Amino acid sequence: MGFEKFDFFWYFKILYRNFGKKSISFSTFCNVKTSPRQVSQVFQKAQSAFAAVEDLESLALFEQTFLGKKGEIALLRKSLKELSPEEKQILGPEIQKGFEVISSQAEAFRTKHASKALMAQLEKDWIDVTKTEAFSRGAIHPMAQLQRRIEQIFTSMGFDIADGPEVETEWYNFDALNVPGTHPARDMQDTFWVTHDQKDAQKNVVLRTQTSNVQIHWMQKYGAPLRMIAPGRVYRNEDVDMTHDATFYQVEGMMVDKHISLAHLKGAIETMLAEVFEKDIKVRIRPGYFPFVEPGLEVDIWFEYVDKNGQEQAQWLEFMGAGMTHPEVLRNGGIDPNIYSGFAFGFGLTRLAMLKHGIDDIRLLSSQKKDFLQQF
Ligand code: PHE
């Protein structure tokens, strides 16, 4: 681009205006430079810079360079001050027009880009509901599966599904169940105490160590006769290893009616085991001690399995505690032991899941490991 006539005229004017001044430095001379040519150069520069804008980030930079407070157009405007009124009249509107053109270009780009980003997001979120191939989906946890199965089995025998608090008073967890104040289970080692400083057992709070607390709640709420199972989570202050966890699941069972005997208990348990293992399971009953049952029993099962070397094995395994409900416990539940009797049992649902599926590390069941869980 050559040096045009008009420019020449302009420079001449500037020279002329500064002529009378004493010392005008070269730089001042150069700074007083606003001419139509320079204005159009700035706008040309802006146009080619705008052509290179490709996203919101480069747009911001572009706006800062040309439209910003200290941008090129702001400089042009500032330099108008140096000009005569006639010059201002020519260049002022020109600069303003250019500014408006660039601003609206930038705005249009912003709008277009925002809708492009929205379309890209919509494209990404698109779900083809007609797709039929298999995709990975969630499944019911093996513990929940087994719990549901057991609930089905017992409801088919007329039992209700009961529920009780995991955060419980010392009274419901121990005293009401006839557990003596000195019983080692109340020790700091076995029980998570929430509060331990009250004299009154109704006021101290524990994380329940057993689902047996639900026996009392259910008797108080519904009276006799009753049949219930109470699956749920319990807590023990224990070191965690392959076979122990500080929290696990139990299933409590209770039946109270006139003329209940151990035969009812045995029948209910054998029915449940046969359903869970899909074959008859041999059961052995031994005397055992639990403060809330009299007589108290340990129930063992004859467990057949294939060991790591592929050898068939079988052995007696302790499976659960049970017994005839202690008269004191019936009374604490508001039931007259002279009219009613009952049985109760409690087993580890977590342990049953491990036996059924051949799981040797209890921690896997709460691990949320996908490759483990996908097997069930
Ligand atoms: N609550 C006992 C336990 O946790 C099990 C049990 C329940 C025993 C009911 C007898 C009767 O070991």
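This tour moves through a predicted model, from its sheet to the helices lying across the sheet and then to the ligand.

**The sheet**

Begin by selecting the strands of the open sheet, of which there are seven. Their order is 1-5-6-10-9-8-7, and the pairing is mixed. To find the limits of this sheet, select strand 1 (160-161) and strand 7 (283-287). These are the edge strands, each of which pairs on one side only.

**Strands 5 and 6**

Next, select residues 226-235, which form strand 5, together with residues 247-257, which form strand 6. The two strands are antiparallel and are paired over 10 bridges. For a single example, display R227 and then M255 of strand 6, its bridge partner.

**Strands 7 and 8**

Proceed to strand 7 and strand 8, which form a hairpin. Five residues lie between the two strands. They run antiparallel and are joined by five bridges. Within this pairing, select R284 and look for its bridge partner in strand 8, which is D300.

**The helices across the sheet**

Now add helix 10, residues 262-277. Helix 10 lies across strand 7, strand 8 (293-306), strand 9 (312-325) and strand 10 (341-348). Its angle to strand 10 is about 30 degrees.

Then select helix 12, residues 349-357. Helix 12 lies across strand 6, strand 8, strand 9 and strand 10, and runs at about 55 degrees to strand 10.

**The ligand**

Finally, centre the view on the ligand and display the 13 residues that surround it. The closest are Q210, S212, R236, Q250 and G346.

Three of these residues merit individual selection. In S212, a polar side-chain atom lies 2.9 Å from a nitrogen atom of the ligand. In R236, a polar side-chain atom is found 3.1 Å from an oxygen atom of the ligand. In Q250, the distance from a polar side-chain atom to an oxygen atom of the ligand is 2.9 Å. The ligand taken alone exposes 330 Å², and the protein buries 89% of that area.

Which elements give two or more residues to the shell around the ligand? They are strand 6, strand 9 and strand 10. Strand 10 gives the most, with three residues.

To close, colour the shell by residue class: five of its residues are nonpolar, six are polar and two are charged.

How values were computed. Residues numbered from 1 in each chain as written. Predicted model: local features only at pLDDT ≥ 70, side-chain atom pairs only at ≥ 80, totals over all residues. Heavy atoms only, no water. Pairing = 2+ DSSP bridges. Helix = DSSP H or I, 4+ residues; strand = E, 2+ residues; numbered from the N terminus. Contact = heavy atoms within 4.5 Å. Axes fitted to C-alpha atoms, helices over the stretch in contact; angles between N-to-C directions. Near = heavy atom within 4 Å. Polar contact = N/O pair within 3.5 Å; in protein donor to acceptor, adjacent residues only side chain to side chain. Areas by Shrake-Rupley, 256 points an atom, 1.4 Å probe, with all protein chains shown as cover. Nonpolar A, V, L, I, M, F, W, Y, C, P; charged D, E, K, R; others polar.
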